[in-house]
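Student: I've got a two-chain model open and I'd like to go through the packing terms with you. Could we check each label against its rule?

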Amino acid sequence: MRNNNPAGKPLTEPVLLILMSLADKPRHGYSLMKDIESLSNGRVQLSTGTLYGALRRLLEDLWIARFEQDDTSREKQAYKLTPAGRRQLQAELERMRQLTRAATARLRTREA
Amino acid sequence: MDLRRAHRTLLRLYPSDYTALFALEMQNAFDQAAEERRLQSSPVFVRFLLGEFIGLLIGAGAEWIAKFTTDSSVRGRCLPDLRMMRPPGVPRELWFAATCRNAGQVSLPDEVLEAQDRISTLIRRMVHAIANHDFPGARRYSNEERQARNELRRLQEKYNIDDNGCS
């Protein structure tokens with residue numbers, strides 16, 4: 001299997017938000033749009049074109065999986081995070097934590 | 001212009017394998033988001049529509065680029081290969097008989113092979129028409145496919161061949 005993020009490059013914001021949104025439970029398209037808007041405090045409003053383009057890439061990278069929900073709601077197809085996707089999300093969060101620590105340390109040095 | 005129709009028209013700009021998998025979901029998500037935004041103020045609704053339509057245009061361009069730059073095995077992880085799928089309505093036996101024939105394992109009369117090819121082609125066209133929401137076209141292909149199937153049945157009786165392609 002190919003290494004989907006060989007250089008450990010930072011994830012784009014839509015991808016990061018999609019992975020975050022799927023971290024707690026599977027969701028369908030519209031539910032993802034709503035949750036991403038809420039996660040970003042209304043700053044990010046994904047269009048269907050952007051959302052499904054990102055979902056297609058994530059499916060190809062095997063970071064998420066598509067499955068059919070059992071309920072009879074309007075949206076039957078839902079998406080869930082795979083173990084590989086969860087690892088990528090954790091790696092990205094660790095990268096961000098490290099950046100935050102470094103930035104905080106620099107600010108403290110300057111203030112002292 | 002009907003917004004739903006405009007959205008559906010823009011979806012036709014996407015590659016057909018992408019549309020086959022995602023078009024219905026995208027349409028549903030758009031409908032629900034539009035319903036919600038419509039209840040908010042007019043500027044919010046207009047901004048939403050602009051974002052949607054520009055997003056679809058950019059998305060369609062990006063998907064065509066991805067289609068031509070992504071390896072088919074990688075692309076096949078999520079999108080269906082419409083050429084390889086057994087179309088709905090085609091008996092499994094007929095589909096596999098065609099596969100065996102392509103592999104050179106079964107020898108059938110040319111007339112029968114042509115009739116089978118015609119059915120496969122019509123079904124592919126019908127699936128493509130449905131994927132692109134061309135329902136009158138799909139109906140026309142469906143009628144032609146029914147006639148072609150009757151013709152195949154007549155030929156099978158003539159050559160005493162069953163649905164598995166065996167004499």
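Tutor: Sure, and let's begin with the charges: between chain B and chain A the count is four salt bridges. Bear in mind that this is a predicted model, where local features need pLDDT of at least 70, side-chain atom pairs count only at pLDDT 80 or more, and totals for chains, interfaces and linings use all residues. Residues are numbered from 1 along each chain as written, chains are lettered from A in the order written, and side-chain values use heavy atoms, without hydrogens and water.

Student: What makes A:K34 and B:E36 a salt bridge?

Tutor: The rule asks for a side-chain nitrogen of Lys or Arg within 4 Å of a carboxyl oxygen of Asp or Glu. The closest N and O atoms of A:K34 and B:E36 are 2.9 Å apart, so the pair qualifies. B:R37 and A:E37 pass too, with 3.2 Å between their closest N and O atoms. That pair runs from helix α2 of chain B across to helix α2 of chain A. Over all chains, the count comes to 18 salt bridges.

Student: How do you know how big the interface between chain B and chain A is?

Tutor: Use buried area, the accessible area (1.4 Å probe) that two parts lose on being put together, summed over both. Here it is about 2200 Å², with carbon and sulfur atoms giving 49%. Chain B puts 29 residues into the contact and chain A 24 residues, where contact means heavy atoms within 4.5 Å.

Student: Why is α2(A) called oblique to α2(B)?

Tutor: Angles run from 0 to 180 degrees between N-to-C directions, with axes fitted to C-alpha atoms over the stretch in contact. Under 35 degrees is roughly parallel, over 145 roughly antiparallel, 65 to 115 roughly perpendicular, and the rest oblique. Residues 29-39 of chain A and 16-39 of chain B form these helices, which pack at about 45° with axes 8 Å apart. That value makes α2(A) oblique to α2(B). A:Y30, A:M33, A:K34 and A:E37 meet B:A29, B:Q32, B:A33, B:E36 and B:R37 there.

Student: And what makes α2(B) roughly antiparallel to α3(B)?

Tutor: Their angle is about 170°, with the axes 11 Å apart. Since the cut-off is over 145, α2(B) is roughly antiparallel to α3(B). Residues in this contact include B:F30 and B:R37 of α2(B), and B:F48 and B:E52 of α3(B).

Student: How do you know which label fits α1(B) and α3(B)?

Tutor: Helix α1 (residues 3-11) and helix α3 (residues 42-69) of chain B pack at about 20°, with axes 9 Å apart. An angle under 35 degrees counts as roughly parallel, so that label fits α1(B) and α3(B). Among the residues that meet are B:L3 and B:L10 in α1(B), and B:F45 and B:L56 in α3(B).

Notes
Helix = DSSP H or I, 4+ residues; strand = E, 2+ residues; numbered from the N terminus.
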